[in-house]
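Work through the exercises below with the model open. Try each task before reading its solution.

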Amino acid sequence: MSGSYDDSVGVEVSSDSFWEVGNYKRTVKRIDDGHRLCNDLMNCIHERARIEKVYAQQLTEWAKRWKQLVEKGPQYGTVERAWCAFMSEAEKVSELHLEVKGSLMNEDFEKIKNWQKEAFHKQMMGGFKETKEAEDGFRKAQKPWAKKLKEVEAAKKAYHAACKEEKLAISRETNSKADPALNPEQLKKLQDKVERSKQDVLKTKEKYEKSLKELDNATPQYMENMEQVFEQCQQFEEKRLRFFREVLLEVQKHLDLSNAASYKNIYRELEQNIKTADAVEDLRWFRANQGPGMSMNWPQFEEWSADLNRTLSRREKKKASDGVTLTGINQTGDQGSQPNKHSSSLSVQSNTVQSVQSSYNPFEDEDDTGSTVSEKEDNKIKNVSSYEKNQSYPTDWSDEESNNPFSSTDANGDTNPFDEDTSPAMEVRVRALYDYEGQEQDELSFKAGDELTKMENEDEQGWCKGRLDNGQVGLYPANYVEPIQ
């Protein structure tokens with residue numbers, strides 16, 4: 001095609017130019033791409049909303065699990081509250097991320113969906129109305145110019161063929177002059193053919209130049225019509241681009257929690273809770289409630305009483321609310337040489353519950369019907385975990401005296417209800433809650449979800465003895481597993 005209608009004369013026009021016949025289809029295709037991009041953006045937002053929901057659920061589960069572990073663990077006081085503040089933070093952040101998920105789906109996703117429905121109108125025969133209008137507009141604007149371009153191409157082809165024929169005739173005429181075998185009549189025919197070829201060249205050239213001039217004259221109108229249809233497509237695309245920019249800004253606002261006042265308050269409160277942790281205060285609390293600051297009813301000489309072994313009534317229990325009063329204990333040897341007992345509990349049972357404000361009274365939960373000490377003690381032992389923070393520890397005093405009511409055998413020769421049960425523990429199937437990698441040779445290693453057999457109950461340090469399904473026997477942390485229901 002000629003480039004004479006272009007201001008930049010001499011610049012070769014690329015065959016990939018928009019002005020070439022049929023190259024407007026890329027602009028038309030952009031309309032279909034806009035509809036597909038709306039679907040892509042909705043899918044993108046939907047996946048992000050699902051991630052926000054999963055993250056919120058994981059935060060909630062994490063907070064619930066660790067809150068229970070910390071509350072049942074040995075940590076106490078202000079540091080415990082500071083630690084638990086992290087779980088409160090997770091719960092609040094989880095709520096914020098659920099709000100983000102709701103905003104993405106209920107606002108942003110729905111907004112794109114509604115805009116797409118209003119901007120693109122599907123046809124009964126397939127495709128979109130906007131695409132067909134653009135296609136028809138470009139075809140109508142290009143059809144007259146494309147027809148003249150086709151005439152120019154035909155004229156050019158005829159002109160080039162005539163030039164080729166002229167050159168061939170001249171070559172034959174020149175060669176015939178050097179050939180003495182040709183008679184004058186044959187030579188005359190060759191000369192006539194050269195003349196006719198020159199006339200054909202002039203005629204096809206004139207027609208070629210005329211069709212090219214007509215094409216040049218039609219080019220400005222062609223460009224104007226194409227520009228008009230193109231601008232309509234540009235306006236439609238501009239609406240889509242501006243809408244996408246608006247939606248992306250709204251998505252950014254929903255995702256950016258750093259500017260949310262509630263989000264800032266969460267971490268401001270978390271920082272304050274952590275800063276309130278006071279080591280001195282916690283040490284003072286532990287000394288008063290678990291250490292030497294606890295009250296103690298030291299053993300005193302008491303006369304023998306016939307009612308020593310009878311069950312205490314509720315009224316008598318209230319009188320002894322400050323601690324356990326030891327009665328009927330005969331000292332052997334020099335009483336002054338016995339060391340003072342600073343333990344908060346004198347029970348030989350290692351799993352008895354330690355009272356916070358006073359020594360544990362084994363008779364405290366008795367009712368008026370005369371329940372025995374051993375029955376209440378057994379109930380206490382069943383509810384105690386070695387991982388609980390109110391765990392008591394055994395004392396070192398001796399129970400070898402023959403008339404000590406806390407000795408291994410009572411007056412009737414029966415076993416002491418406070419003696420530990422030496423019978424072997426029943427094997428129980430348990431499931432691992434977390435991964436654990438054994439640190440010593442006698443420790444087991446397992447993954448979360450693995451099942452194993454608990455062979456012995458938990459010891460004072462929080463360890464259990466168990467057996468894996470492959471037969472390996474070893475120790476593992478008791479709080480890393482749960483019984484299989």
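Two exercises follow, on a sheet and on a surface patch.

This is a predicted model: local features need pLDDT of at least 70, side-chain atom pairs count only at pLDDT 80 or more, and totals for chains, interfaces and linings use all residues. Residues are numbered from 1 along each chain as its sequence is written, and side-chain values use heavy atoms, without hydrogens and water.

**Exercise 1.** Work out the strand order of the open sheet of five strands.

Solution.
- Strands are DSSP runs of E, at least two residues, numbered from the N terminus. Two strands pair if DSSP finds at least two bridges between them.
- Take strand 1 (residues 428–432) and strand 2 (residues 451–456): four bridges pair them in the antiparallel sense. Val428 stands opposite Lys454, and Arg431 opposite Glu451.
- Next, strand 2 joins strand 3 (residues 463–467) by three bridges, again antiparallel. Here Thr453 faces Arg467.
- Six residues lie between the strands of this hairpin, where Gly462 takes a positive phi near 85 degrees.
- The full order is 4-3-2-1-5, with antiparallel pairing. Strand 4 (473–477) and strand 5 (481–483) each have a single partner strand, so one side of each lacks a neighbour in the sheet.

**Exercise 2.** Find which helices each supply at least two residues of the nonpolar patch.

Solution.
- Patch members have over 30% relative accessible area (Shrake-Rupley method, 1.4 Å probe, only the protein chains shown count as cover). They have no salt bridge (Lys or Arg side-chain nitrogen within 4 Å of an Asp or Glu carboxyl oxygen). Nonpolar side chains (Val, Leu, Ile, Met, Phe, Trp, Tyr) are joined within 5 Å.
- The members are Trp62, Trp66, Trp83, Phe86 and Ile274, with about 450 Å² of accessible area together.
- Helices are DSSP runs of H or I, at least four residues. Helix 1 (25–72) and helix 2 (77–119) are the answer.
- Check one member: Trp66 lies in helix 1.

Note on methods. Patch = residues over 30% accessible without salt bridge, like charges linked within 9 Å, V, L, I, M, F, W, Y side chains within 5 Å.
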